[in-house]
Amino acid sequence: MSSNKNALIRYKTLDKCLKNKYRKYTLEDLIDACSDALFEFEGKESYVSRRTVQLDLQNMRSEKFGYEAPIEVYEKKYYRYSDPEYSIHNISVNESDLKAMNNAVQILKQFKDFSMFKEMNGVIQKLEDSIHSTGQKSIIHLDKNEQLKGLEHIDVLYESISNKKVLNILYRSFTARESNNYVVHPQLLKEFNNRWFLICQHKGKMYNLALDRMEKIDVEENIVYIDKDLDGDEYFKDIVGVTVSETMAPRNVVFFVDSSNAPYVKTKPLHKSQEIISETEEGALFKICVQINFELERLLLGFGECLIVHKPKKLRLRLQDKFKAGLKNYENLIVPDEN
């Protein structure tokens, strides 16, 4: 059992003892009560030290966990709450706390129709009722699309990752003529640009599979799961988007953004490694250190004529070719005259 859970059991036990009006508790009695409670939960002998209980009482008295419990020693050896109505489960909240809780509820409400959060509907409703926020309009709106194809797969994928299950996914990429089966070891779920992806291992290599291209998912019970123990923050640290290369080293990408768009790039960096190299009235020169992938190219192209890639040369030439192709498309475009 984790130390945090042990502490929670001790606090609940101490609270039960300290509010008991029909029995007197010495420090030794409190130690025995905590030891018995842990034995009941763990099923094995668990002795709680005198120092541990003393620290627990000190923590409950303090503001550390927001309890500020009115614990007193009376008759020089017995412990109780000076306020007989007090309990750590009945902590009052002020107007500021209620406002913060209400804001959190309004944000959670925006997820309640999302498949992953359906089981939270009751919890959100209880929170809403308890702080009397029913009917209040949401001030914060998050960018989401509940109608996005593939969201129905999130539950089974999430459970498969949690329970370390191998999956057989019938998948058809945008470039494939027909669907193919992928036997994968799911590792992470990643959202990018309002689309969801499964990060998984397939035949010894890492893949990202878009949920909206999955046609069928079956669990493979007879295949041993391979756990890559991926840390999402570490795995995605050198990229924009979801496409990670296991062999490509991150490169310094230097780009110029004109003065009208530079403030947007400053306040919303393209990547956490972003630095400003120089700045003039015409604009700013930025640098990021990332792997060069499809998502990065799309992001840079999205700035149109307002952004110019300086380095690396190969990336600059590739974007230049794309802009030339785009210009050619417009030059060769024939449409009926508009009224």
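In this predicted model, the largest pocket has a volume of about 1,100 Å³. Its lining takes in 34 residues, and those nearest the pocket centre are Phe 192, Asn 193, Gly 241, Val 242 and Glu 295. Several secondary-structure elements give two or more residues to that lining: the strands S4 (180–192), S5 (195–202) and S6 (205–210), along with the helices H7 (232–235), H8 (262–267) and H9 (294–301). Helix H9 hands over the largest share, which comes to four residues.

Helix H9 is also home to Glu 297. This glutamate counts as buried because its relative accessibility is 10%, under the 20% cut-off. What does Glu 297 touch, once residues up to four places away in sequence are set aside? The list reads Leu 315, Arg 318, Leu 319 and Lys 322. With Arg 318 the C-alpha separation is 9.0 Å, and the two residues sit 21 positions apart along the chain.

Those partners of Glu 297, Leu 315 and Lys 322 among them, bring the story to helix H10, which spans residues 313–331. The sheet that goes with helix H10 is an open one of four strands, ordered S9-S10-S8-S11 with antiparallel pairing. At its edges are S9 (275–279) and S11 (307–311), each of which pairs on one side only. From one strand to the next, the twist averages 25°. Helix H10 packs on this sheet by touching S8 and S11, and its direction makes about 145° with that of S11. Strand S8 (residues 251–258) and S11 run antiparallel and are joined by four bridges. Picking out one residue pair, Phe 255 has Val 309 in S11 as its bridge partner.

A second open sheet has five strands, again with antiparallel pairing, in the order S6-S5-S4-S3-S7. Here the edge positions go to S6 and S7 (214–220), each pairing on one side only. Neighbouring strands in this sheet are turned against each other by 45° on average, with direction ignored. Helix H6 packs on the sheet and touches four of its strands, namely S3 (166–171), S4, S5 and S7; the angle between the direction of H6 and that of S4 is about 95°. Between S5 and S6, which run antiparallel, there are six bridges. His 202 stands opposite Lys 205 of S6. Strands S4, S5 and S6 of this sheet have already come up as contributors to the lining of the largest pocket.

Two loop residues are worth a look alongside this sheet. Asn 194 is found in the loop between S4 and S5. Is Asn 194 buried, exposed or partly exposed? At 25% relative accessibility it counts as partly exposed, because that value falls between the 20% and 50% cut-offs. In space, Asn 194 and Leu 148 are 8.3 Å apart from C-alpha to C-alpha, while in sequence they are 46 residues apart.

His 153 belongs to another loop, the one between helices H5 (121–130) and H6 (154–162). With a relative accessibility of 11%, His 153 counts as buried. Leaving out neighbours within four places in sequence, its contacts are Leu 211, Met 214 and Ile 217.

Leu 211 turns up again in the lining of the largest cavity, and so does Leu 148. How many cavities of 30 Å³ or more does the structure hold? The count is one, and about 40 Å³ of space lies in the largest cavity. Besides the two leucines just named, the cavity is lined by Lys 149, Gly 150, Leu 151, Arg 195, Trp 196 and Asp 212.

Zooming out to the whole chain, there are ten helices and eleven strands. Of the 339 residues, 35% count as buried. Among contacts with a separation of 6 or more, 58% come from residues 24 or more positions apart. The chain exposes about 22,300 Å², and 49% of that is supplied by carbon and sulfur atoms.

Definitions and conventions
Residues numbered from 1 in each chain as written. Predicted model: local features only at pLDDT ≥ 70, side-chain atom pairs only at ≥ 80, totals over all residues. Heavy atoms only, no water. Pairing = 2+ DSSP bridges. Axes fitted to C-alpha atoms, helices over the stretch in contact; angles between N-to-C directions. Contact = heavy atoms within 4.5 Å. Buried < 20%, exposed > 50% of the residue type's maximum accessible area, 1.4 Å probe, protein only. Areas by Shrake-Rupley, 256 points an atom, 1.4 Å probe, with all protein chains shown as cover. 1 Å grid on protein atoms, 1.4 Å probe; cavity = no way out; pocket = protein on both sides within 12 Å on 5 of 7 lines; lining within 4 Å. Points joined across faces, edges and corners; volume = space filled by probe spheres on them.
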